[in-house]
Amino acid sequence: MVGLAFFPFAGRVVHSLGVRTAMRVGLVLLVLAAVAMLTWGAETPIWVVVAVQLVNGAGVSFTLVASADDAMAQFSPAEAGTGSAVFNSLRQLGASHAARQDDVREQEVDLRLSLEEPQGRRPVVRVDDAI
């Protein structure tokens, strides 16, 4: 939701700063937010979580708008509709692939833990064979 609030603002920033600078600003914001998330614990105040998520949303907005702007600049006006569809399809495919990889890694850890024997021997079934 935070990212959606920043999208109109991010569009103006991208056009005023340029694609490269806006992308760099967005990536720096994302790194700062990720580093701040590493410090979270059970006692972290909600205002810190909200503030970090605001920074994260701004970073996502800047990078997404900058990458979309750069991708669309490669197409002529007649190809803009098809180019936009391809860009969004590839973006969503990449996001779903990343989510799937996280799920596969989690299942791999669960499978390894369930197959390990008390003596510490290696599992009989390798995860690579199961996938």
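The expected span of a helix is 1.5 Å times one less than its number of residues, and I begin with that rule because two of the helices I want to discuss can be held against it. What we are looking at is a predicted model, so please keep that in mind throughout.

Take helix α2 to start, which covers residues 19-38: its 20 residues should span 28 Å at 1.5 Å a residue, and its end C-alpha atoms are 29 Å apart, which agrees. Helix α3 can be treated in the same manner, since its 28 residues reach 40 Å from the first C-alpha to the last, close to the 40 Å expected.

Now for the overall picture. The protein has five helices and zero strands, and from the N terminus on the elements run α-α-α-α-α. Of its 131 residues, 18% are buried. Among the contacts in the protein with a separation of 6 or more, 65% are between residues 24 or more positions apart.

A word on confidence before the details. The mean pLDDT of the protein is 80, with 75% of the residues reaching 70 or more. Confidence is highest in α2, at a mean of 94, and lowest in helix α5, residues 127-130, at 53. Where pLDDT is low, the predicted coordinates should not be read in detail, and I shall say nothing further about that last helix.

Let me return to α2 and ask which of its residues are buried. They are Ala22, Gly26, Leu29 and Ala33, and, seen down the axis of α2, the buried residues fall within an arc of 60°, so they line one face of the helix. An α-helix has 3.6 residues a turn, so residues three or four places apart point the same way. On the face of α2 turned away from that buried side we find the exposed residues Arg20, Arg24, Val31, Leu32 and Leu38.

The list of buried residues in α3 includes Val52, Asn56, Gly57, Ser61, Phe62 and Val65, and several of these bring us to neighbours in other helices.

Consider Asn56, which is found in helix α3 and, at 19% relative accessibility, counts as buried, the cut-off being under 20%. Leaving aside its neighbours within four places in sequence, Asn56 is in contact with Leu30, Ala33 and Met37; of these, Ala33 has already appeared as one of the buried residues of α2. Met37, for its part, also has its place in helix α2, but with a relative accessible area of 28% Met37 is partly exposed. With the neighbours within four places again set aside, Met37 is in contact with Val52, Gln53 and Asn56. The C-alpha atoms of Met37 and Asn56 are 9.9 Å apart, and the two residues are 19 residues apart in sequence.

Turning to helix α1, where does its link to α3 through aromatic rings lie? A search of the whole structure finds one aromatic pair: the rings of Phe9 and Phe62 have their centres 6.2 Å apart and their planes at 45°, so the pair is tilted. Phe9 lies in helix α1, residues 2-17, and Phe62 in helix α3, residues 46-73, so the pair ties together parts that are 53 residues apart in sequence. The two partners can be described separately as regards accessibility, for Phe9 is partly exposed at 42%, whereas Phe62 is buried at 7%.

Two further pairs of residues can be described by their C-alpha distances. Leu4, in helix α1, is exposed, with a relative accessible area of 56%, and its C-alpha lies 7.4 Å from that of Ser61, although the two are 57 residues apart in sequence. Arg12 is likewise found in helix α1 and is exposed, with a relative accessible area of 56%; Arg12 and Val65 are 53 residues apart in sequence and 9.7 Å apart in space, C-alpha to C-alpha.

I would like to finish with Ser61, which lies in helix α3. Is this serine buried or exposed? At 0% relative accessibility, Ser61 counts as buried. And what lies 2.9 Å from a polar atom of its side chain? The backbone oxygen of Gly57 does, and Gly57 is itself listed among the buried residues of α3.

Technical notes: Residues numbered from 1 in each chain as written. Heavy atoms only, no water. Phe/Tyr/Trp six-rings, centres within 6.5 Å; stacked < 30°, edge-to-face > 60°. Helix = DSSP H or I, 4+ residues; strand = E, 2+ residues; numbered from the N terminus. Buried < 20%, exposed > 50% of the residue type's maximum accessible area, 1.4 Å probe, protein only. Polar contact = N/O pair within 3.5 Å; in protein donor to acceptor, adjacent residues only side chain to side chain. Arc of directions from axis to C-beta. Contact = heavy atoms within 4.5 Å. pLDDT = per-residue confidence, 0-100.
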